[in-house]
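Here are some short exercises to work through with the model open beside you. Try each task before reading its solution.

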Amino acid sequence: MDPVRFIGNFSSGKMGYAIAEELADHGASVVLVSGVTALKTKHPNIRRVDVVTAQEMYEACIDNYANCDGGIMTAAVADFTPLTPEDKKVKRGKENYSIELTPTKDIAASLGRAKTNSQFLVGFALETNDEEFNAKSKLEKKNLDFIVLNSLNDTGAGFQYDTNKISIIDREGSVKKFDLKPKREVAKDIVTEIINLYKK
Ligand code: CTP
C-alpha cells in the first residue's frame, strides 16, 4: 500500500514448508518459493526463493516450473493488489480512505496452462462454504492433478495452526478425507498422493 504497509493474510506458510521438507527428505531437489514468513529451512535439498509481492511470486514460479517435475501451490496468494501504491507513508487525518485494487495473476492457473504431460500440479483450496463443490471447480479451472481442501469450519485446520485437516479430491472426483494431524504428517499424506500419481 505504501513503503511500510502491505495487504496480507493469516497464512503462516507452515503447510508449504512442511511439504518442502517432506519432499526433500524423499530426495527431491525442491525450489521453495516463499512469501514473507519467519519460518526457516536448512535442508540441503531445498533452494529457497524469497518474494514479497504476488507478481514476484508469479515470476519466480514461471521461471522455475519448466525445470521441475511438478508444482505444489500452497501459498495463500492475494487476489488483489493496490493499483497505485503510495511512494510515501500515508498519514493519518483523512476522513475515509479508499484504495483501488487490481487483480493479481492466478499463478496456479498459469502453471496449469503451461503444464506438460510429464508434470504434475497440486493446488490447495481454503473454503468457508460449499467446500467440495468450490474445490472441484478450482481443480478443473486450474488444470490440477488433485486439490487439497481445508475448511475454515474445521477446528484446528487452516491458518496459523500446527495441525490441519484435509480432504484430497482427484480428477475422477474421488474424495479422501483425513483426520486432524500435525502439518508434517499432513505433508506425508500429500507426498504419498503425489507418489501415487506416478503409479497411475
Ligand atoms: N492461487 C494462485 N494464485 C493466486 C491465487 C490462488 O496460484 N493469485 C492458488 C493457491 O495457491 C491455491 C489455489 O490457487 O493452490 C486456490 O486458491 P484459493 O485462494 O482457494 O482460490 P482462488 O483461485 O484465489 O479463488 P477464490 O479466492 O475466489 O476462492
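Patches are built from residues with over 30% relative accessible area and no salt bridge, joining like charges within 9 Å and nonpolar side chains (Val, Leu, Ile, Met, Phe, Trp, Tyr) within 5 Å. A salt bridge here is a side-chain nitrogen of Lys or Arg within 4 Å of a carboxyl oxygen of Asp or Glu, and accessible areas come from the Shrake-Rupley method with a 1.4 Å probe, with only the protein chains shown counting as cover for residues.

This is a predicted model, in which local features need pLDDT of at least 70 and side-chain atom pairs pLDDT 80 or more, while totals for chains, interfaces and linings use all residues. Residues are numbered from 1 along each chain as its sequence is written, and side-chain values use heavy atoms, leaving out hydrogens and water.

**Exercise 1.** Find which residues form a nonpolar patch on the surface.

Step one: the members are Ile-7, Phe-80, Tyr-97, Ile-99 and Leu-101, and together they have about 430 Å² of accessible area.
Step two: place Leu-101, which lies in strand E5 (residues 101-103); helices (H or I, at least four residues) and strands (E, at least two) are DSSP runs numbered from the N terminus.
Step three: Leu-101 is partly exposed at 40% relative accessibility, on a scale where buried is under 20%, exposed over 50% and partly exposed in between (1.4 Å probe, protein chains only).

**Exercise 2.** Work out how the end-to-end distance of helix H1 compares with its expected span.

Step one: the expected span is 1.5 Å times one less than the number of residues.
Step two: for the 12 residues of H1 (residues 14-25) this gives 16 Å, and the end C-alpha atoms are 16 Å apart, which agrees.
Step three: look at the surroundings; 10 of the 12 residues are buried, so H1 is largely enclosed by the rest of the structure.
Step four: the cover on those buried residues, by contact (heavy atoms within 4.5 Å), includes strand E1 (30-34), strand E2 (46-50) and helix H5 (183-197).

**Exercise 3.** Say how many disulfides the structure holds.

Step one: apply the cut-off, a pair of cysteine sulfur atoms within 2.5 Å.
Step two: the count is zero; the cysteine sulfur nearest to that of Cys-61 belongs to Cys-68, 9.3 Å away.
Step three: check exposure; Cys-61 is buried at 12% relative accessible area, whereas Cys-68 is partly exposed at 22%.

**Exercise 4.** Locate Asp-130 and give its phi.

Step one: most residues other than glycine have a negative phi.
Step two: Asp-130 has a positive phi, near 45 degrees.
Step three: Asp-130 sits in the loop between strand E6 (120-127) and helix H4 (131-141), and is exposed at 52% relative accessibility.
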